[in-house]
Amino acid sequence: MSQARTSSSGGMETSYGYRDVGKGEKQPLVDEVFHGVAKRYDLMNDLMSAGMHRLWKDAMVAALNPGRRGDYKVLDVAGGTGDIAFRIIEASRRKAHATVLDINGSMLAVGRERAEKRGLLACLDFVEANAEDLPFEDGRFDAYTIAFGIRNVPDIPRALSEARRVLKRGGRFLCLEFSEVEAPVLDRIYDAWSFNAIPRIGEMVTGSADAYRYLVESIRKFPSQRDFAAMIEKAGFGRVRWTDYSGGIVALHSGWKL
């Protein structure tokens with residue numbers, strides 16, 4: 001059991017939080033977590049981040065600046081509840097089309113229900129599939145987004161390769177993910193909140209402290225901003241950069257298929 005961050009050379013594929021698991025064992029464990037928390041997932045995001053996740057997601061969509069033409073297509077991966085896809089559709093004045101892909105059917109069911117209530121179903125597709133093996137032809141999408149999901153994918157390099165494959169030439173990759181806080185005071189406050197408060201809140205709201213203990217640990221295992229940027233570059237993306245939000249609690253990574 002290691003609490004050290006993984007690096008650009010890998011390690012997340014056998015890391016279930018701080019537990020070391022065999023290859024092929026992580027995905028079923030992650031699936032179980034999200035099946036259990038799907039109905040309260042968005043509420044927990046509000047409670048865990050004091051509502052800040054909404055601002056981070058707004059910033060991501062603003063950085064994407066989705067096209068306002070009818071043929072603009074975006075793939076939102078690990079986006080089952082629709083938070084990012086809905087924002088993209090609204091930012092495009094309901095001109096863009098978003099495909100929401102998630103490996104977890106429970107999360108997608110929540111997303112479909114929310115989309116129907118918002119009158120957005122005509123602008124959306126919901127697809128249950130694995131980020132490591134996307135069921136789409138090469139060069140289909142103008143943009144690929146993933147928010148707070150890449151760290152739950154066992155084989156991140158394969159998922160990044162798949163992201164590049166399905167993008168059109170000139171397509172945009174955007175990944176919003178919890179990252180490494182380096183500020184000496186903020187990092188201690190953040191650790192205290194994460195390890196003490198979040199699992200307790202998770203138990204009260206969803207009945208599962210273990211699920212949120214895993215999520216906190218998975219954040220600490222995820223590569224640093226610099227190491228993840230190196231992984232994106234290795235997958236073949238160009239003009240890779242990142243922007244830290246809230247002192248590095250979250251980072252937005254960007255790349256282009258050139």
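This report describes the internal cavities of a predicted model and the surroundings of helix 9 and strand 9.

**Cavities**

The structure holds two cavities of 30 Å³ or more. The table sets out their volumes and the make-up of their linings.

| Cavity | Volume | Lining residues by class |
|---|---|---|
| Largest | about 380 Å³ | 16 nonpolar, 10 polar, five charged |
| Second largest | about 30 Å³ | five nonpolar, four polar, one charged |

In the largest cavity, 31 residues form the lining, and those nearest the centre are A78, G79, D102, G149 and N152. Several elements supply at least two residues each to this lining: helix 1 (26-37), helix 2 (41-49), helix 4 (83-91), strand 3 (73-77), strand 4 (97-102) and strand 6 (141-147). Helix 1 gives the largest share, four residues.

The lining of the second largest cavity draws on T6, S7, G10, G11, M12 and E13, together with I156, P157, P223 and M231. Of these, M231 is also one of the buried residues of helix 9, which is taken up next.

**Helix 9**

Helix 9 spans residues 225-234, and its buried residues are Q225, F228, A229, M231 and I232. Viewed down the helix axis, these residues fall within an arc of 155°, so they line one face of helix 9. The face turned away from this buried side carries R226 and K234, which are exposed.

The cover over the buried residues of helix 9 includes helix 6 (156-166) as well as three strands: strand 7 (167-178), strand 8 (238-245) and strand 9 (250-256). Just after helix 9, G236 adopts a positive phi of about 110°.

**Strand 9 and its partners**

Strand 9, among the elements that cover helix 9, is itself mostly covered, with six of its seven residues buried. Strand 9 pairs with strand 7 in the antiparallel sense over seven bridges. Within strand 9, H253 is the bridge partner of C175.

Strand 9 also pairs with strand 8, again in the antiparallel sense, and here six bridges are found. V250 in strand 9 stands opposite Y245. Strands 8 and 9 form a hairpin in which four residues lie between the two strands. In the turn, S246 has a positive phi of about 55°.

Taken together, strand 9 has antiparallel pairings with strand 7 and with strand 8, and these three strands, along with helix 6, are included in what covers the buried residues of helix 9.

Key. Residues numbered from 1 in each chain as written. Predicted model: local features only at pLDDT ≥ 70, side-chain atom pairs only at ≥ 80, totals over all residues. Heavy atoms only, no water. 1 Å grid on protein atoms, 1.4 Å probe; cavity = no way out; pocket = protein on both sides within 12 Å on 5 of 7 lines; lining within 4 Å. Points joined across faces, edges and corners; volume = space filled by probe spheres on them. Nonpolar A, V, L, I, M, F, W, Y, C, P; charged D, E, K, R; others polar. Buried < 20%, exposed > 50% of the residue type's maximum accessible area, 1.4 Å probe, protein only. Arc of directions from axis to C-beta. Contact = heavy atoms within 4.5 Å. Pairing = 2+ DSSP bridges.
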